[in-house]
Structure formats: structure tokens, C-alpha cells
Amino acid sequence: MTPDLRCNRWRTGGNLSNVPEPIYLDPSPEVQHRRIRTFHARHGRVSQTRNAAIDAVLPNRDIALSEYPVVLNLVLGGTRAVIDFGCGMGGLTRELLQHPDTAVLAIDVHTPGIADLAQLAVDNPEVKLALHMGDGIFVLEDFIAPESIDSIYVYFPDPWPKARHQKRRVIQPYFLDIVHQILKPGGTLKIATDIDSYAAHVRTVAATRSDFTFAHNDFEAVMTSYHTRAIRLGHTINTFTLTKI
Ligand SMILES: C[S@@+](CC[C@H](N)C(=O)[O-])C[C@H]1O[C@@H](n2cnc3c(N)ncnc32)[C@H](O)[C@@H]1O
């Protein structure tokens, strides 16, 4: 039997350390990529305070509890809608929220950053912020209205450096198909990476697309926790903008 794409384990992140990989019965690359885990399993315990913030906020702000199709800035207010995909500790999300016209959806599988952003929403109920703790690929595909998003940010995606793991890199043709579907015409996908082989990978995937224009190092990435770490390690940062035609 084909695994259920809507099953909760994939939506919520669940406890992934013991979850076996799904068995792929459909050989098409698109379907396989949809089911491939692009993130690392969670480790460690979550504090009571963080759990409390999540319990208080997610029932009202989890985009995956909405009816399809969601137009973020109609739900949250504002004139622009953006997504911080793989928001980590939320450094970029906070920066994006500085613009009062912008509605932001922050997505990550891991709890600490989502919990801290949930706390931000507890402290500032007026903030134009939606959250999802789970696999963001499903959210982009199943909840976000077509042509409703101004920008999607993928900052410092998990590098998956080993050759046999590179299929887990989130930037893939199938991901770009979903991104293309939800971006407004002229909308942008902004990618930053400090991993040279990932930069080459982005170029390779982007080169196959005639439905986006492509620019390299055309913006400076906001200082997120992974960006700060990359600078400390002396890594070179590459940024890319794919603009929907
Ligand atoms: C290397 S971290 C970068 C975090 C943050 N963007 C930054 O710059 O500090 C990559 C993040 O992407 C998240 N991630 C990877 N694949 C994901 C997916 N399919 N859905 C949601 N989050 C994902 C991981 O959990 C991780 O927190």
C-alpha cells in the first residue's frame, strides 16, 4: 500500500528518530521527492516553557489547521505574504516581521525556534505571523493558494553533503514546481548557502528552468544563527534569487 501522504507523522514532524523511511511504490521522481525527508531527526527534550508557548499558539496560528486555499495576507492582514522555509531559530522571521505590511509564515520541523516564535506571538498578539511545525513541503503544496506569495526564503538549507544523501536536499525540481505554483508572477525564491557543493547544486537545478530567471549574489542574507556560524567557520556565503516569470 502507498504510504498516506496526509498522515500526521509527516505533518507534525512527530518523533522522527524511530520512524522508518516510507517504502516507495511509485517510481516517479516527483512522488519520491515528496516523501523524502529533507531534515534531520529531532534530538533532546523540549522545556515545559517552550511546550506551553506552542500549546498556546499553534491552535490559532498553525496554517495546516486552515482550509485550503490559504491567502496568508488575507488571514493575517498586510499587503505582502512571505514564507521563511526552515526558519531554524527564527532570526530571519523576526527581521521580516519588522515590515508592518508583511504577513509571514515560518515553518520548521524542530521545536525550539517555532516555540520562540510562538512566544513572540504570545507577547505581541497583533503580529502578522503564522507557524507550522512539521514538513513544510506539504504545507506549501496543500495549503497555500496559487499565486499568493511574494517571496519564499530558504536560508541555509540542510546541506546533506554525502553523495548518497543529496536526494534529501530541499532544492529540487519538484520543490521548484511547488514554489512556482504559489508565487505571484514576479515573486521570488531567495536561497542562501555556505556550502560550495550546495551552491553548485542550486545552479544545476536552476539551469533546468525556463520559468524562473536566476541571479547569483544579488542580495546579502540576513544574519541568522546558521549564517553567524558560517561566518565564524570562515565559509563563503552564496545567495541566489529565482524570480518567477
Ligand atoms: C541548517 S538549518 C537553517 C535554519 C535557519 N534558516 C538559519 O538560517 O539559521 C535548516 C533548517 O531547515 C529545516 N528543514 C529542512 N527541511 C525541512 C522541511 N521539509 N520542512 C520544514 N523544515 C525543514 C531544518 O529543520 C532546519 O531547522
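**View 1. The residues around the ligand in this predicted model.** The shell counts 22 residues, and the ones that come nearest to the ligand are Gly86, Gly88, Gly136, Thr224 and Tyr226. Sorted by class, the shell splits into 10 nonpolar, nine polar and three charged residues. As for where they sit, β2, α7 (136-142) and α10 (225-232) each hand over at least two shell residues. The largest share belongs to α10, with three residues.

**View 2. The open sheet of seven strands.** Reading across, the strands go β3-β2-β1-β4-β5-β7-β6, and the pairing is mixed. Which strands stand at the edges? They are β3 (129-133) and β6 (212-216), and each has a single partner strand, so one side of each lacks a neighbour in the sheet. On average, and ignoring direction, neighbouring strands here are turned by 15° against each other.

**View 3. Strand β2 next to β3, with helix α6 packed on the sheet.** Strand β2 (residues 102-108) runs parallel to β3, and five bridges join the two. Two of the bridge pairs are easy to pick out: Val104 pairs with Leu129 of β3, and Ala106 pairs with Leu131 of β3. Helix α6 (residues 111-123) packs on the sheet and touches both β2 and β3. The direction of α6 makes about 155° with that of β3.

**View 4. Both faces of strand β3.** Are the residues of this edge strand buried or exposed? Five of the five are buried, so β3 is largely enclosed by the rest of the structure, even though one of its sides has no neighbour in the sheet. In a regular strand, side chains alternate between the two faces of the sheet. Here one side carries Leu129, Leu131 and Met133, while the other carries Ala130 and His132. Both faces are covered.

**View 5. Ala118 in the largest nonpolar core.** In soluble globular proteins, nonpolar side chains tend to be buried together. The largest core in this model has 61 residues, and the members that touch the most others are Ala118, Leu131 and Ile152. Which residues does Ala118 contact once its neighbours within four places in sequence are set aside? The list is Ala53, Ile54, Ala56, Val57, Leu58 and Leu131. Leu131 is the β3 residue that bridges to Ala106, and Ala118 falls in helix α6 (residues 111-123).

**View 6. The cis peptide bond between Tyr68 and Pro69.** Most residues other than glycine have a negative phi, and most peptide bonds are trans. The bond joining Tyr68 and Pro69 is cis, with omega about -5°. Pro69 has its place in the loop between α3 (48-61) and α4 (72-76).

**View 7. Phe156 and Trp160, two residues with positive phi.** Phe156 is not a glycine, yet its phi is positive at about 50°. Trp160 also has a positive value without being glycine, with phi near 40°. Where do they lie? Phe156 is in the loop between β4 (149-155) and α8 (173-182), and Trp160 lies in the loop between β4 and α8 as well. The cut-off for calling a residue buried is 20 or more other C-beta atoms within 10 Å. Phe156 has 22 of them, so it is buried. Trp160 has 20 C-beta neighbours inside 10 Å, so it counts as buried too.

Notes:
Residues numbered from 1 in each chain as written. Predicted model: local features only at pLDDT ≥ 70, side-chain atom pairs only at ≥ 80, totals over all residues. Pairing = 2+ DSSP bridges. Helix = DSSP H or I, 4+ residues; strand = E, 2+ residues; numbered from the N terminus. Axes fitted to C-alpha atoms, helices over the stretch in contact; angles between N-to-C directions. Contact = placed C-beta atoms within 7 Å. Near = placed C-beta within 6 Å. Nonpolar A, V, L, I, M, F, W, Y, C, P; charged D, E, K, R; others polar. Core = buried A, V, L, I, M, F, W, Y, C linked by C-beta atoms within 7 Å. Buried ≥ 20, exposed ≤ 12 C-beta atoms within 10 Å, placed from the backbone.
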